[in-house]
Amino acid sequence: MIRNVPSEKPVLLKDIINIRENQIISKVLTDSEHIHMTVLAFDAGEGVSSHAAPGDALVVVLEGEAIITIDGRENHVGAGDSVVMPAGIPHAVKALTKYKMLLTVVKE
């Protein structure tokens with residue numbers, strides 16, 4: 001079940017969450033045994049330190065710019081970009097500007 005998004009009408013995912021000063025905010029859309037979807041909003045300069053996920057993680061950038069580091073390699077991303085962070089591989093996110101993303105983690 002998908003929650004926190006209006007049903008049966010178009011919506012801009014970036015508009016379902018607001019950026020808060022000096023914070024990272026998240027809104028879970030679904031969380032089950034095999035899939036987890038969350039929209040995240042980062043204030044400029046905020047980030048998530050290096051960690052590994054239990055499944056492949058797909059980031060879709062909704063707004064702003066960030067550096068996504070995967071296995072030590074930096075990737076500059078902006079609105080409209082997508083990147084896969086493979087399961088078990090260390091990755092981190094650092095917002096360069098106010099930044100929003102959709103994160104989907106698929107677990108086997």
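Strands here are DSSP runs of E that span at least two residues, numbered from the N terminus. With that in hand, let's work through this predicted model.

**Exercise 1. Elements and overall form**

Work out which elements the chain contains and how its radius of gyration compares with the globule rule.

*Solution.*
- Step 1: Start with the count: the chain has nine strands and zero helices.
- Step 2: Read them from the N terminus on, and the order is β-β-β-β-β-β-β-β-β.
- Step 3: The radius of gyration is 13 Å, close to the 13 Å given by the globule rule for 108 residues, so the chain is as compact as a globular protein of that length.
- Step 4: For the outline, the C-alpha atoms fill a box of roughly 40 × 35 × 20 Å along the principal axes.

**Exercise 2. The open sheet**

Find the order of the five strands in the open sheet, and explain which strands stand at its edges.

*Solution.*
- Step 1: The order is E1-E2-E9-E4-E7, and the pairing is antiparallel.
- Step 2: E1 (24-31) and E7 (82-85) each have a single partner strand, so one side of each lacks a neighbour in the sheet.
- Step 3: From one strand to the next, the twist averages 20°.
- Step 4: Now look at one pair: E1 and E2 (residues 35-42) run antiparallel and are joined by seven bridges. Asp31 stands opposite His36 in E2.

**Exercise 3. Burial and surface**

Determine what share of the residues is buried and how much area the chain exposes.

*Solution.*
- Step 1: Taking under 20% relative accessible area as buried, 36% of the 108 residues qualify.
- Step 2: The chain exposes about 6200 Å², with carbon and sulfur atoms supplying 52% of that area.

Terms used
Residues are numbered from 1 along each chain as its sequence is written. This is a predicted model: local features need pLDDT of at least 70, side-chain atom pairs count only at pLDDT 80 or more; totals for chains, interfaces and linings use all residues. Side-chain values use heavy atoms; hydrogens and water are left out. Two strands pair if DSSP finds at least two bridges between them. Helices (H or I, at least four residues) and strands (E, at least two) are DSSP runs, numbered from the N terminus. Axes are lines fitted to C-alpha atoms, for helices over the stretch in contact, and angles run from 0 to 180 degrees between N-to-C directions. The radius of gyration is taken over C-alpha atoms; the globule rule is 2.2 Å times the number of residues to the power 0.38. Buried means under 20% relative accessible area, exposed over 50%, partly exposed in between (1.4 Å probe, protein chains only). Accessible areas come from the Shrake-Rupley method with a 1.4 Å probe; for residues, only the protein chains shown count as cover.
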